[in-house]
Amino acid sequence: MSTLGTGKGLIYIPTKEIQEICFDAIESMEHWGRRLIHETLSEHYGNQYLDYVDGMGNRIVKGEIIKSIKKRVEDNPGRFSRNIDAVTLENVIEILSNDSLFKKHFKEVFDSYYPCGKDDLKYRLCVVRDVRNKI
């Protein structure tokens, strides 16, 4: 049981309920990250952005992330309406904090919140991920 001040006194909220609230907020953040990635990258690279290769033969998303997405889609047929929905929180963190993608596409979104850049963003998202894993 946890105690929270309300200004009028104390209320008691069971720890389980606090965990559920935190987990829901983190899950919402994960969905928002997927949406940000999908909308941003599809705008710049088309709907097949996960398979996009630049003029030098480099993928914009790491091959290992692509493999894990394809495996999750294959292992869970019908579960994911889009490939981006098979991305884990760890993948979201890696994509958002990718040096090239951050500079080109995500810096503007996060700059006012994480003025120290992608490393600050990655650190804070990893802290959230670790909290989620403990819940």
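Two residues are said to be in contact when heavy atoms of theirs lie within 4.5 Å. With that meaning in hand, and leaving aside neighbours within four places in sequence, Asn91 is in contact with Ile65 and Ser68. The structure is a predicted model, and the points below begin with helix H3, where Asn91 lies, before they turn to the nonpolar core and to some single residues.

**Helix H3 and its surroundings**

- Helix H3 is mostly covered, since six of its eight residues are buried, and these buried residues are Leu89, Asn91, Val92, Ile93, Ile95 and Leu96.
- Asn91 counts as buried because its relative accessibility is 9%, while buried means under 20% relative accessible area.
- The elements against which the buried residues of H3 pack are H1, H2, H4 and H5.

**How H3 meets H5**

- Helix H3, which covers residues 89-96, packs with helix H5, which covers residues 118-134, at an angle of about 175°, and the axes of the two helices are 10 Å apart.
- H3 is therefore roughly antiparallel to H5, because an angle over 145 degrees counts as roughly antiparallel.
- On the H3 side, this contact is made by Leu89, Glu90, Ile93, Glu94 and Leu96, and on the H5 side it is made by Leu121, Lys122, Leu125, Cys126, Arg129, Arg132 and Asn133.
- Sorted by class, the residues in the contact of H3 with H5 are six nonpolar, five charged and one polar.

**The largest nonpolar core**

- The largest nonpolar core holds 29 residues, and those that touch the most other members are Ile37, Leu41, Leu96 and Phe106.
- Two or more residues of this core come from each of H1, helix H2 (63-75), H3, helix H4 (99-110) and H5.
- Not counting residues up to four places away in sequence, Phe106 touches Leu36, Ile37, Thr40, Leu41, Ile95, Leu96 and Leu101.
- As general background, nonpolar side chains tend to be buried together in soluble globular proteins.

**His38 in helix H1**

- His38 is found in helix H1, which spans residues 15-45, and His38 counts as buried because its relative accessibility is 18%, where the limit for buried is under 20%.
- The side chains of His38 and Tyr49 are joined by a polar contact of 2.8 Å.
- When neighbours within four places in sequence are left aside, the residues in contact with His38 are Tyr49, Arg82 and Ile84.

**Partly exposed residues and distances along the chain**

- Glu27, which lies in helix H1, counts as partly exposed at 35% relative accessibility, and its C-alpha atom is separated by 8.8 Å from that of Leu89, although the two residues are 62 residues apart along the chain.
- Asp75 is found in helix H2 and is partly exposed, with a relative accessible area of 48%; Asp75 and Gly46 are 29 residues apart in sequence and, from C-alpha to C-alpha, 26 Å apart in space.
- Asp99 lies in helix H4 and is likewise partly exposed, with a relative accessible area of 37%; between Asp99 and Phe23 there is a separation of 76 residues in sequence and of 28 Å in space, again from C-alpha to C-alpha.

Technical notes:
Residues are numbered from 1 along each chain as its sequence is written. This is a predicted model: local features need pLDDT of at least 70, side-chain atom pairs count only at pLDDT 80 or more; totals for chains, interfaces and linings use all residues. Side-chain values use heavy atoms; hydrogens and water are left out. Axes are lines fitted to C-alpha atoms, for helices over the stretch in contact, and angles run from 0 to 180 degrees between N-to-C directions. Helices (H or I, at least four residues) and strands (E, at least two) are DSSP runs, numbered from the N terminus. Angles under 35 degrees count as roughly parallel, over 145 as roughly antiparallel, 65 to 115 as roughly perpendicular and the rest as oblique. Ala, Val, Leu, Ile, Met, Phe, Trp, Tyr, Cys and Pro count as nonpolar, Asp, Glu, Lys and Arg as charged, and the others, Gly among them, as polar. Buried means under 20% relative accessible area, exposed over 50%, partly exposed in between (1.4 Å probe, protein chains only). A polar contact is a pair of N or O atoms within 3.5 Å; within protein, one must be able to donate a hydrogen and the other to accept it, and residues adjacent in sequence count only if both atoms are side-chain atoms. A nonpolar core is a set of buried Ala, Val, Leu, Ile, Met, Phe, Trp, Tyr and Cys residues joined through side-chain atoms within 4.5 Å.
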